[in-house]
Amino acid sequence: MKLYFVRHGQTQFNKDGLITGQIDEPLIEEGIQEAEATAEEMDTNYTEIYSSDLLRCRQTAEILNRKLNLEIKYDKRLRERHFGSIAGKKFEDTDPTGELRKRDLSCMYDYRQYGGESVEDVKNRIFSFINEVKAKEGKILIVTHGGVVRLLHNIVNNQKHDHIKNSSIHEFEF
């Protein structure tokens with residue numbers, strides 16, 4: 001089954017280079033425009049749409065759904081990884097050696113020491129969701145976060161991505 005994942009549009013935290021994680025940031029004007037551009041270019045033959053319950057994803061899903069007119073199903077398992085106490089900061093301010101960011105980009109992170117999640121925690125909740133929806137019929141669109149899309153590229157395609165473009169669509173075969 002193919003599933004289609006979209007990263008939310010840009011937020012002020014994204015623009016400022018801050019670690020967002022599960023902080024509930026809204027889209028900024030550029031993020032709204034990115035989502036609108038994606039909506040114009042995307043297929044209309046989706047049969048279901050799911051979204052992280054965080055505001056930036058909800059807003060992106062609502063913009064995309066103007067073209068689809070489906071019921072949006074929100075699921076907290078689609079949230080970004082939880083960074084704990086380093087959320088809202090810049091990596092360079094919390095990680096002077098760069099090792100934490102390197103592990104993050106390689107999908108080998110563990111933020112439990114900061115009150116957050118490990119990569120295994122995130123994998124478990126994401127694949128709990130995927131295993132439920134992959135057996136469904138139709139074409140499914142899922143609005144989520146850059147860290148989730150990066151993790152899926154790492155696991156499913158054995159690819160490393162330093163950056164996932166806001167409002168970009170990614171296809172995965174499960």
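## A walk from helix α2 into the sheet

The buried residues of α2 pack against α3 and β5 (169–173). That's a handy place to start, but keep in mind that you're looking at a predicted model.

So which residues of α2 are buried? They are Gly 31, Ala 35, Thr 38 and Ala 39. These four cover an arc of only 100° around the axis, which puts them on the same side of α2. There's a general idea behind this kind of pattern: an α-helix has 3.6 residues a turn, so residues three or four places apart point the same way. Now spin the model to look at the face of α2 turned away from its buried side, and you'll find the exposed residues Glu 40 and Glu 41. You can also check the length of this helix: with 1.5 Å a residue, the 13 residues of α2 should span 18 Å, and the end C-alpha atoms are 19 Å apart, which agrees.

Next stop, α3. Try the same ruler trick on residues 55–68: at 1.5 Å a residue, these 14 residues should span 20 Å, and the end C-alpha atoms of α3 are 19 Å apart, so the two agree. The buried residues here are Arg 56, Cys 57, Thr 60, Ala 61, Ile 63, Leu 64, Asn 65 and Leu 68. What do they pack against? Their partners are β1 (2–7), α2 (29–41), β2 (48–51), β3 (72–74) and β4 (140–144). Right after α3 comes Asn 69, and its phi is positive, near 55°.

Those strands bring us to the sheet. In general, strands of a sheet pair through backbone hydrogen bonds, either parallel or antiparallel. Here, five strands make an open sheet with mixed pairing, and the order is β3-β2-β4-β1-β5. Which strands sit at the edges? β3 and β5 do, since each pairs on one side only. Neighbouring strands of this sheet are turned by 25° against each other on average, direction ignored.

Zoom in on β1 and β5, which pair in the antiparallel sense over five bridges. There you can spot Lys 2 standing opposite Glu 173 in β5.

Finally, see how helices lie across the strands. α3 lies across β1, β2, β3 and β4, running at about 150° to β4. Helix α6 (residues 119–133) lies across β1, β2 and β4, and runs at about 135° to β1. And β5, one of the edge strands, takes us back to the start, where the buried residues of α2 pack against β5 as well as α3.

Methods
Residues are numbered from 1 along each chain as its sequence is written. This is a predicted model: local features need pLDDT of at least 70, side-chain atom pairs count only at pLDDT 80 or more; totals for chains, interfaces and linings use all residues. Side-chain values use heavy atoms; hydrogens and water are left out. Helices (H or I, at least four residues) and strands (E, at least two) are DSSP runs, numbered from the N terminus. The expected span of a helix is 1.5 Å times one less than its number of residues. Buried means under 20% relative accessible area, exposed over 50%, partly exposed in between (1.4 Å probe, protein chains only). Contact means heavy atoms within 4.5 Å. The arc is that of the directions from the helix axis to the C-beta atoms. Two strands pair if DSSP finds at least two bridges between them. Axes are lines fitted to C-alpha atoms, for helices over the stretch in contact, and angles run from 0 to 180 degrees between N-to-C directions.
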